[in-house]
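Got your viewer open and your selection box ready? Let's take a walk through this one, a stop at a time.

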Amino acid sequence: MAQAQSKGKAVSLKLTVLSDTDGQPVAGASCLLTDYGIYDISDADGHLTLEKVPVGKATMQVQMLGFEDFEKQFTFRKDSTFTIRISESTLALEEVVVTAKPSSTGASTASNIGRMAIDHLQATSLKDIMQLLPGQLMTSSDMTSEEKMTIRTLNQSTANNAFGTSIMMDGVPISDNATMSEKAGGTTAGGSGVDMRQISADNIESVEVIRGIPSAEYGDLTSGAVIVNTKAGYTPWEVRAKVNPTTLNASIGKGWKISDKAGSINVNADYARASGDPRVKNRSYDRYSGGVTYSKTIGRIWSTTTKINFSGILDLRTVDPDLLIEGTETSQKQASLRFTHKGRLSFNKKFSRSLNYAIGVSYSANETRTSSIVQASGGYAVVNSLTDGYYQVPYVTSSYRASGGTVSRPFSFYAKMGNVFNWSTGPVNQRFNMGAEYRLESNKARGFYNDDDFMPLKTSTNSRPRPYYDIPALNQVSAYLEDNLSWNIFDKMEFKLQAGVRFDMLQPGLPEQVYSISPRFNASLKVAPWMTIRGGWGQSNKTPGLVHLYPEPKYSDREAAMYLPADASKQLVVYNTRVTEVERNNSLKNATNSKTEIGIDLNFSNGMTASVVAYRDYMKNGFGNFTEYSLYTANYYTAAQGILLDNQGNPYVDWQHPARVDTVWTTSGRIGNTQASLDRGIEFDVNLGQIKPIRTSVIVSGAFMETQTWTTGPNYQSPSGVPATSVYAQGGTNVSPFKLLYPSGLSRDINRRFSVNMRLVCNIPRMKMVISLANQIIFYQYRHTTNQKSDPIAWIDTDLSYHEITQAMLDDANYMIKGVSLAAQRKNPADSNPVTQPPIWLMNMRLTKDVSKNFGFSFFVNNALYYMPYQASSYSGTLTERNTGTFSFGVEMYVKI
Amino acid sequence: MKKRIIYILSIGLLLMSACQRTAPKGTDSFLLEFQMPEEFKSGSYYASQKVYLNGSVNYDFTTDIMGRVSVESVVPGIYDIITGMELTGAQYKALVPGASIEDNARVNIGVSLMNQRIFQAEDLCIQLTSAVLKDLLISKIYYSGTRDKMEKTYNVDSYVEIFNNSDDVVYLDGKYIGLAESTSNPAYYPASENPDSIFLKQMFRFPGTGTDHPLQPGGSVVIAAKSAQNHLENATVSVDLSGADFEVKAMEGSGNPAVPMMPIISNAYTSMKYMNLINGGPNTLMIIETDENPEEWPEVYRKGKTSGEMFRRMHKKWVTDGVECLSNPSQTAPDVNTKRLQTEIDAGYAVINSVNGYTHESVERKVSRKEGDRYYLVDTNNSSTDFVVLTDPTPRKYDKEGLL
């Protein structure tokens, strides 16, 4: 079998993993040759064996919970036995990493954030950790509002970037695909990305953020991937408590090794309470979470990790006692249960070095309840019909207390199977990574409801109940194949290529079936031991979520009669309702992001590293509203015509004789691929290494970023200058004589920012203390909405016929369309002014100290110099206070036994 | 704004100091010299005007080019000396530099000197006074809205009241109410940049063909801006508009069928079927009289824009009465730079105390005097002094203490 490994010879390695601190063997450490996917786990004596290792260079990774990662490149020429010493994670280490580290695995741009950095940051949720990435600004987390993760963008207005960020927790994605938009007063918006607040930071072991072109293994994403690994295996008792003006957080965790055969178990519990602004007493966010992880290795070749996690969230917004008149109370509860099981089988066969799989099931019960006083505004018709027609409706003149809520039950099932094998020919080694995935996501629940449909929570067409029962489940099948090629060209040069392709199909067999093929390439060339040039191009695709595929029917309600004599018993209010459903076969495509990047990494022998990467992310078909029209006629009846009185003086409608007949335009709630965005920029991360005499490392990271967004869907507008006395103007809303079609995408939102973060990390091992000073300077901030001149290209008549508008028609100053001047429809707006902000800096200070082996604390001050200057933007001249809300401080203590 | 004159004029100044005394000559051959009101530029004379001496015998004379009447002979007795002429606002401004007056206003120049004893030939120097003649005034604007019984904001009870301050019956038919654009900071079409034009977001026309809607002297009409209902049913402090004279609404026969529609004839917000009064202001209202068709006046976008809402540009000369109600921003005082009305139409402004409204504050014109049951309202073309802000909106009510 060994000879079957083509021409290259194979060797066998025997390793012993020892703790650097006390020289004791480390059991349960995993050792992986990243180039080949060959791995093993150390036994009680710290021994492990790697078989059939091709002769040549390979990178070895040894990882163990509570220890620093070990990674080194070796050249294997013959069977050998050696010892690896790994260091316990402690501040007594000569070098500690409390910042994000550029990732060295693969050729794509990624950052690794380890446990020590998370501790030092005193993160409460996953979102807090993200500020360590180049170009991300330092934030003070206030957990009272949803926190979404965006990658390489400055765009805050559309949800596509956050929706396209995949959060993988222990190998299983946390999905947002089945989230529906909350109508009852909560804050949840469907299709806008995972709320990061629900992921507790204390149980995280490490986080990897892939910002570049991810491996074909990762799918259902456009922006990037966040890979979260939580703790498993043996850990000491660990109790943490942190407090800052907005948040309280406490957690406890412990891992036991039952025995070599029975595996190990790790449990944790966490409680966080956030209240936002400490002066505001009517908002709170409570999170309870806990989990049990069971790890077991069966027969040395099959390692498994099984987790059950629970989390409960209570997001409360109660009546502010000082604001009695508002009277709105909203509570949002969420209870989630999540089961994941992943395993790896080390067959070490020719076409299957290791087989990995993951299964995840999650179920969440979300309930929002709102009670508020609904404003009648002097008169409001309660229209709650769910079908087309004319309805006599109640007319409410006094405000009333209404209540209702939303019940949502997102469910997801995920299964993945992957296989890795490698193939060596001389200096070329190839590792093939392939697999298939299946996802099922559904949300069958009561949805939005009013306690009383005649006293609805909303006074708009949005008041209709929306049950989720008939919304189909999402089915997604995917497959991927990837070749990781590494070629040692000369002794010092190494070429790596990751070439992969991924296939995703959503809703196979249904009218809305959609599929996409995502090719991805990453290449790197190690020109010298200290320099690597890399680049990549790839596409990634995000499938639409339930909110995009199955939008709520659109209810158009139109006043048909408003007969309101002083005697309320003789009043008559009639509304016309028109329901427009979105076609199932609406050709909604996956959102495709094309990523390109090129970068250079420098690693000097004195410990200095630098990496610079230029990127371009272009998504031309993100999810956005799609305007499509249909027309119908609606009658209007008045006392003068159409409303008659019977013998008792009671009014009734003479349906055949309306006072006015309107031709009404209505849209559907259709979502299309109409939102385009272009993100580009340069990121850099420079570690100047430690200045030994003062034991201080200097790490400078930053980014110049630009984001442009625009819409690409049909740009219809109503004509202006319709005379107020014309029949079209009398009809009120949505009765314009025709619609004009303008070119799309001429108006763009452009944002630019250049920010640099300089971190000084002083590490004093003898005091077991780390102090860091983070200076963030935003040198440049620019915002501009372009406002181009545009001429209509066509007009759509009320029979939906399309009429092109020619240049000759535009040139004719007297050209009229249905009595409306065409010349008045030519738009020549004054371009809006770009706004730039003056530079602003912010300094945050952090300190972590281990008082003894068992006890330590961290302390932080954000905006340590309380710098909140008044500055004026280039445009307005009005002085506004900046850095507001950045000042905060807090402390964390931990006990390890 | 001003009032209809003559009576007040009679109390006017009678200055004789500028005339020379001559020796008594009986009632033959004396001079009546009429001096133009003080504000007129020198060199203006009360030329070629009829002058009436009414007593036991009635005489009439005509002034010469110097504004004098040489009386040959009259029967001695007690006479009323009455004379008067009318100028247009434009003519008035030509003679009175810097005058603040609407171009198509009417100005009466004259005097009514009652019970003048003429028993000897004594030259009289008579000082004329001027007064702007106005019949229709905006007397109440209630736009702040209130809170309903559940303490929710309530703004459909707003109304505008128009008052006949003259002694003649005035026909509303065909007159207009205009509402100036109210785009916020910076003001898009302030008067300071537009000395001759006012930009309207809405115009409403009183229905009728000429004599359908007479308004008696001292009478008023109430226009429900949004809803002619009894709002006291929904809010504790509000107004009963079920008896309003007009209602701004979508169509005749909708809303309160007993209240006729006040049609919107020009509208920047096509789908808006009510009077767009803003709860916190600014609201700039005008009474407009014109023989042109306002629908033919040009429409313009917001300054610098080529799309969106369009405002009707009107020459200021068509305004017969205008009231500027500014907003009251929380951090600064009302900004007079945002005024839409030129000084001659409204030299000042009214303002409610609240920033966002819903405080049932009503802007009401003060009462000048009362004769029997008849009220005369103050009109000096300066809303800062002509109006008060009261918190008890009450249509048609002028005997409130706060108005005196």
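Start in chain B and pick Phe34(B): its bridge partner in β7(B) is Ile126(B). Keep in mind as you click around that this is a predicted model.

Now widen the selection to the two strands that hold this pair. Strand β1 of chain B covers residues 28-35, and four bridges tie it to β7(B), with the two strands running parallel. Add β4(B) and you have the whole open sheet: three strands in the order β4-β1-β7, with mixed pairing. Which strands stand at the edges? They are β4 (68-73) and β7 (124-127) of chain B; each has a single partner strand, so one side of each is left without a neighbour in the sheet. Look along the sheet and you can follow the twist, which averages 20° from one strand to the next.

Zoom out to the rest of chain B. Colour residues 2-132 as domain 1 and 136-390 as domain 2, following the domain assignment. The C-alpha centres of these two domains of chain B lie 38 Å apart. Where they touch, domain 1 of chain B puts in 10 residues and domain 2 of chain B puts in 18. Select the domain 1 side of that contact in chain B and colour by class: you should get three nonpolar, two polar and five charged residues.

Next, bring chain A into view and look at where the chains meet. How many residues of each chain are in contact? On the chain B side there are 39, and they contact 35 residues of chain A. Two strands of chain B, β11 (153-154) and β19 (264-267), each supply at least two residues of the side that touches chain A. β19(B) gives the most to that side, with four residues. Colour the chain B side by class here too, and the split is 10 nonpolar, 18 polar and 11 charged.

Hide chain B and show chain A as a cartoon. You'll see strands nearly everywhere you turn: chain A has 55 of them, along with six helices. Its C-alpha trace spans about 105 × 60 × 55 Å along the principal axes. The radius of gyration is 31 Å, which agrees with the value near 29 Å that a compact globule of 897 residues would have. Buried residues make up 43% of the chain A total. Of the contacts in chain A with a separation of 6 or more, 68% are between residues 24 or more positions apart.

For a closer look, select residues 56-63 and 70-76 of chain A, which are β5 and β6, joined by seven bridges and running antiparallel. Within that pairing, Met60(A) stands opposite Lys72(A). The two strands form a hairpin with six residues between them, and in the turn Gly66(A) has a positive phi of about 90°. β5(A) also pairs with β2(A), residues 30-33, in the antiparallel sense over four bridges. There, Cys31(A) has Val62(A) as its bridge partner.

Last stop: Ala610(A), in strand β35 of chain A, which runs over residues 609-625. Is this residue buried, exposed or partly exposed? Ala610(A) has 17 other C-beta atoms within 10 Å, so it counts as partly exposed. Beyond its neighbours within four places in sequence, Ala610(A) is in contact with Leu602(A) and Val686(A). Finish by drawing a distance from Ala610(A) to Ile793(A): they are 183 residues apart in sequence and 51 Å apart in space, C-alpha to C-alpha.

How values were computed: Residues are numbered from 1 along each chain as its sequence is written. Chains are lettered from A and ligands numbered from 1 in the order in which they are written. This is a predicted model: local features need pLDDT of at least 70, side-chain atom pairs count only at pLDDT 80 or more; totals for chains, interfaces and linings use all residues. Two residues are in contact if their C-beta atoms, placed from the backbone, lie within 7 Å. Ala, Val, Leu, Ile, Met, Phe, Trp, Tyr, Cys and Pro count as nonpolar, Asp, Glu, Lys and Arg as charged, and the others, Gly among them, as polar. Domain bounds come from an automatic or database domain assignment. The radius of gyration is taken over C-alpha atoms; the globule rule is 2.2 Å times the number of residues to the power 0.38. A residue is buried if 20 or more other C-beta atoms lie within 10 Å of its own, exposed if 12 or fewer, and partly exposed in between; C-beta atoms are placed from the backbone. Two strands pair if DSSP finds at least two bridges between them. Axes are lines fitted to C-alpha atoms, for helices over the stretch in contact, and angles run from 0 to 180 degrees between N-to-C directions.
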